[in-house]
Amino acid sequence: MAKVEEANRRQVRPLGRPHKLGPGEIGLRDKIMDAAVNIFSRKGIASASLKEISLAAGATPAVIYYHFESKEKLILETLASRFIPLMENVWTAVDESDDPLWIIAEMQRRLINIALKVPWFLSLWSREFVNIDGSLREYTARNLPACSVKRLVAKIRQGQMDGLINPDLSPEMLYMSIIGATMIPLHSQSSWTRQFRKKIDADSIIKHVGIMLAYGYKGK
C-alpha cells in the first residue's frame, strides 16, 4: 500500500510552471522575449502592452502570465537575457588593457558594433534614455557592474596622472560620457548628414570622442 501511495505521489504534477521547461516551452519563452524587446524599442517599455507582445509572439496573454507571471517579471527577464549580456560585452574591455585611451575606444567600438548588428538596440537605448520616464535608464543604473566601474575609474585616474586624460574630467562620470557621446551621434546620423552633408562613420565617432575625453576643451 505504501508503495502505491508513493507511486501516485510521483505521478502528481505540481501546480504552476514546471520546474524544468521542455524544448518547445523554452522556444516559446524566447519568442515572447524577442517580441517584447522589439516592441519595447518601438513604443517604450512603459507603453508596451502584454496584448501587443502576445500578438507579436503568436501567443496569448494567458501564456505570458503562465511563463512570466506578470509584465514586470517579463520586463526584468527580457532585459536580463537580451540587454544586459550586450552591455557586459562592452564592459569586459575594461579588463583587457591598462591603457585608458584604448579602453575608451574599445568600449565605443563594441557599442557601435552592437548598434549596427542588433536591430532593436539603438532604438531602445535612444527612446529609453532620452525619455524622462525611461524604465531602461533606471534598470541600467541598478545593474551596473560595480567591480568593472571601479576598475574603469581607477584606470582613468591613472591615465590622468600619466597625462593621457584631461585631469579636470570626473573619472566617475566618464562611462556615461563614453556611452552618450557614442550613441547620440549614431542616433543622429541621418539628421547630421542632411544638415552638414557629411556622413558620420564609426571611426570618426571613435576619434572625436577619444580626443574630446583626452584633451577636453584645453587642446594640446
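Here are some worked exercises on the predicted model shown above.

**Exercise 1. Getting your bearings**

Work out how many helices and strands the protein has, and what pattern they follow along the sequence.

*Solution.*
- Step 1: Count the elements. The protein has 12 helices and 0 strands.
- Step 2: Read them off along the sequence. You get α-α-α-α-α-α-α-α-α-α-α-α.
- Step 3: Check how much is tucked away. Of the 220 residues, 39% count as buried.
- Step 4: Look at the outside. The protein exposes about 13300 Å², and carbon and sulfur atoms supply 58% of that.
- Step 5: Look at the contacts with a separation of 6 or more. Residues 24 or more positions apart account for 66% of them.

**Exercise 2. Where to trust the model**

Find which helix has the lowest mean pLDDT and which has the highest.

*Solution.*
- Step 1: Start with the overall figure. The mean pLDDT of the protein is 81, and 78% of its residues reach 70 or more.
- Step 2: Go element by element. Helix α1 (residues 2-11) comes out lowest with a mean of 40, while α5 comes out highest with 95.
- Step 3: Zoom in on the start of the chain. Over residues 1-23 the pLDDT stays under 50. For that stretch the model has 12 contacts beyond four places in sequence.

**Exercise 3. Into the core**

Identify the residues that touch the most other members of the largest nonpolar core.

*Solution.*
- Step 1: Pick out the hubs. The core has 57 residues, and I53, L74, F83, M107 and F121 touch the most other members.
- Step 2: Ask which element gives the largest share. That's helix α5 (residues 71-91), with 9 residues.
- Step 3: Take I53 and list its partners, skipping residues up to four places away in sequence. They are I32, A35, A36, I39, F40, I64 and L74.
- Step 4: Add a distance. From I53 to K31, the C-alpha atoms are 9.8 Å apart in space, with the two positions 22 residues apart in sequence numbering. K31 lies in helix α2 (residues 23-43) and is partly exposed, at 46% relative accessibility.

**Exercise 4. The two sides of α3**

Decide which residues of helix α3 are buried, and why they can be said to line one face.

*Solution.*
- Step 1: List the buried residues. In α3 (residues 50-57) they are L50, I53, S54 and A57.
- Step 2: Look down the helix axis. The buried residues fall within an arc of 95 degrees, so they line one face of α3.
- Step 3: Turn to the face pointing away from that buried side. There you'll find the exposed residues K51 and L55.
- Step 4: Step off the end. α3 is followed by G58, which has a positive phi, near 70 degrees.

**Exercise 5. A charged cluster in α6**

Trace the salt bridges around E106 and say which residues end up in one network.

*Solution.*
- Step 1: Recall the principle. Side chains of opposite charge can pair when their charged atoms come close.
- Step 2: Find the first partner. E106 pairs with R109, their closest N and O atoms being 3.2 Å apart. The two sit 3 residues apart in helix α6 (residues 100-117), so about one helical turn separates them.
- Step 3: Compare burial. E106 counts as buried at 15% relative accessibility, whereas R109 is partly exposed at 39%.
- Step 4: Find the second partner. R110 also meets E106 in a salt bridge, 2.9 Å from N to O. These two are 4 residues apart in α6, again about one helical turn.
- Step 5: Join them up. Salt bridges with shared partners link E96, E106, R109 and R110 into one network.
- Step 6: Put it in context. The structure holds 11 salt bridges.

**Exercise 6. An odd phi at E69**

Say where E69 sits, what stands out about its phi, and which residue it pairs with.

*Solution.*
- Step 1: Place the residue. E69 is in the loop between α4 (61-68) and α5.
- Step 2: Read its phi. The value is near 75 degrees, positive in a residue other than glycine.
- Step 3: Set that against the general rule. Most residues other than glycine have a negative phi.
- Step 4: Look for a partner. E69 forms a salt bridge with K73, the closest N and O atoms being 2.5 Å apart. K73 is partly exposed, with a relative accessible area of 40%.

Key:
Residues are numbered from 1 along each chain as its sequence is written. This is a predicted model: local features need pLDDT of at least 70, side-chain atom pairs count only at pLDDT 80 or more; totals for chains, interfaces and linings use all residues. Side-chain values use heavy atoms; hydrogens and water are left out. A nonpolar core is a set of buried Ala, Val, Leu, Ile, Met, Phe, Trp, Tyr and Cys residues joined through side-chain atoms within 4.5 Å. Buried means under 20% relative accessible area, exposed over 50%, partly exposed in between (1.4 Å probe, protein chains only). Contact means heavy atoms within 4.5 Å. The arc is that of the directions from the helix axis to the C-beta atoms. Accessible areas come from the Shrake-Rupley method with a 1.4 Å probe; for residues, only the protein chains shown count as cover. A salt bridge is a side-chain nitrogen of Lys or Arg within 4 Å of a carboxyl oxygen of Asp or Glu. pLDDT is the predictor's confidence in each residue, from 0 to 100.
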